[in-house]
Amino acid sequence: MIDCHTHTSYSKHGRGSIEELVQVALERGVSVLTITDHAPFHIDTDNRLLQREVGEYFNEIDRVSAMYERDITILRGLEADFIPGCEEALLGLLRDIDLDFLIGSVHYVPLDESFVRVWELPQLHSSRFLDSYFTSLRELVLSGLFDAIGHPDAVLRAVPEDRYCKMFTPLVPLMKQKNVNYELNASGLRKTVYDSTSGKERYGTWTYPSLKLIRALVDEGVGFTLGSDAHAPEEVGIGLEQTIVAAATAGVDSISYYQRRKRVNLPLAALRMS
Ligand SMILES: [Zn+2]
Ligand SMILES: [Zn+2]
């Protein structure tokens with residue numbers, strides 16, 4: 001199994017050391033683990049790596065990676081926030097870093113001189129929010145900076161799937177052109193769905209990834225990456241098996257991970273938890 005989206009205490013709202021994640025990964029049969037803590041960014045600085053911690057973060061990944069190299073491949077990743085216009089700052093950050101995998105995620109969506117966070121579920125319905133969200137996704141893909149879009153379908157917690165798919169469709173050929181992967185993010189299995197009629201949230205419904213959109217992505221030849229988006233050691237590997245079973249029914253037959261920013265393809269059928 002591979003788990004290519006995981007967080008540690010370096011993300012501040014995450015828990016556990018890199019080594020603690022690795023130990024759970026080994027127990028669960030994860031043989032490629034990419035650590036992808038939130039990259040430094042000018043918003044929400046308490047919930048991510050600080051610029052001054054970046055060196056230590058990668059040194060720690062390398063230290064643990066060397067300790068466990070016989071048993072598991074541990075890769076150097078980051079999940080970077082994307083807001084249109086942030087490209088220069090990101091290039092500056094990446095200049096001196098050797099990275100295996102870079103996820104670009106839209107967590108903050110510009111609206112009315114401010115931002116809507118993608119977990120502010122009651123706000124995700126408005127056309128103005130969605131227009132801005134999809135503009136951000138489009139710019140993210142066009143920037144050519146990222147290997148994958150992180151949880152592009154996280155808005156499905158509050159947005160109907162048909163509406164999401166319709167708005168995403170123009171991006172499908174762009175992803176192929178720009179060689180950007182669509183992340184199958186298994187955290188959707190442990191998230192709530194928002195019911196706009198009652199204003200309540202409930203657990204237990206498949207939220208994302210979008211199986212409907214996956215079919216269109218497969219037809220276009222877009223690649224996929226896979227991650228639990230663990231924010232604690234016990235979440236490593238969680239939901240991955242269920243996600244790949246569903247992805248297989250939607251037509252996915254291979255999954256990629258990235259090493260030194262190069263794609264490594266694995267047949268979906270080869271992925272197993274222990
Ligand atoms: Zn994220
Ligand atoms: Zn994440």
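A residue is called buried when its relative accessible area is under 20%. With that cut-off in hand, this report looks at a metal site, a pocket and a set of aromatic rings in a structure that is a predicted model.

**The zinc site**

The zinc ion (ligand 1) is held by three protein donors, namely Glu-79 (OE), His-107 (NE2) and His-151 (NE2), which lie 2.1 to 2.2 Å from the ion. Along the chain, the donors of the zinc ion (ligand 1) follow the spacing E-x27-H-x43-H. Glu-79 lies in strand E3 (residues 73–81), whereas His-151 belongs to the loop between strand E7 (148–149) and H5, so this pair ties together parts that are 72 residues apart in sequence. Glu-79 and His-151 are both buried. A second metal is also present, for the zinc ion (ligand 1) and the zinc ion (ligand 2) are 3.4 Å apart, and Glu-79 coordinates both of them.

**The largest pocket**

The largest pocket has a volume of about 450 Å³. It is lined by 21 residues, and those closest to its centre are His-13, His-107, Trp-119, Lys-191 and His-231. His-107 is thus found among these central residues as well as among the donors of the zinc ion (ligand 1). Sorted by class, the lining of the largest pocket comprises 5 nonpolar, 7 polar and 9 charged residues.

**Aromatic rings**

Across the whole structure, a search finds 12 aromatic pairs. Two of them are set out below.

| Pair | Centre to centre | Between the planes | Arrangement |
|---|---|---|---|
| Tyr-57 and Phe-58 | 4.8 Å | 65° | edge-to-face |
| Tyr-164 and Phe-168 | 5.7 Å | 40° | tilted |

The pair of Tyr-57 and Phe-58 counts as edge-to-face because its planes are 65° apart, and the cut-off for that arrangement is over 60 degrees. Tyr-57 counts as buried because its relative accessibility is 0%, and Phe-58 likewise counts as buried, at 4% relative accessibility.

Where do Tyr-164 and Phe-168 lie? Both are in helix H5 (residues 161–168), where they stand 4 residues apart, which is about one turn of the helix. Tyr-164 has a relative accessibility of 0% and so counts as buried, and Phe-168 is buried too, with a relative accessible area of 0%. These two residues also belong to one aromatic cluster, which is formed by Phe-129, Tyr-133, Phe-134, Tyr-164, Phe-168, Tyr-182 and Phe-224.

Definitions and conventions. Residues numbered from 1 in each chain as written. Chains lettered and ligands numbered in written order. Predicted model: local features only at pLDDT ≥ 70, side-chain atom pairs only at ≥ 80, totals over all residues. Heavy atoms only, no water. 1 Å grid on protein atoms, 1.4 Å probe; cavity = no way out; pocket = protein on both sides within 12 Å on 5 of 7 lines; lining within 4 Å. Points joined across faces, edges and corners; volume = space filled by probe spheres on them. Nonpolar A, V, L, I, M, F, W, Y, C, P; charged D, E, K, R; others polar. Phe/Tyr/Trp six-rings, centres within 6.5 Å; stacked < 30°, edge-to-face > 60°. Buried < 20%, exposed > 50% of the residue type's maximum accessible area, 1.4 Å probe, protein only. Helix = DSSP H or I, 4+ residues; strand = E, 2+ residues; numbered from the N terminus. Donors = N, O, S within 2.8 Å, 3.2 Å for Na, K, Ca; no water.
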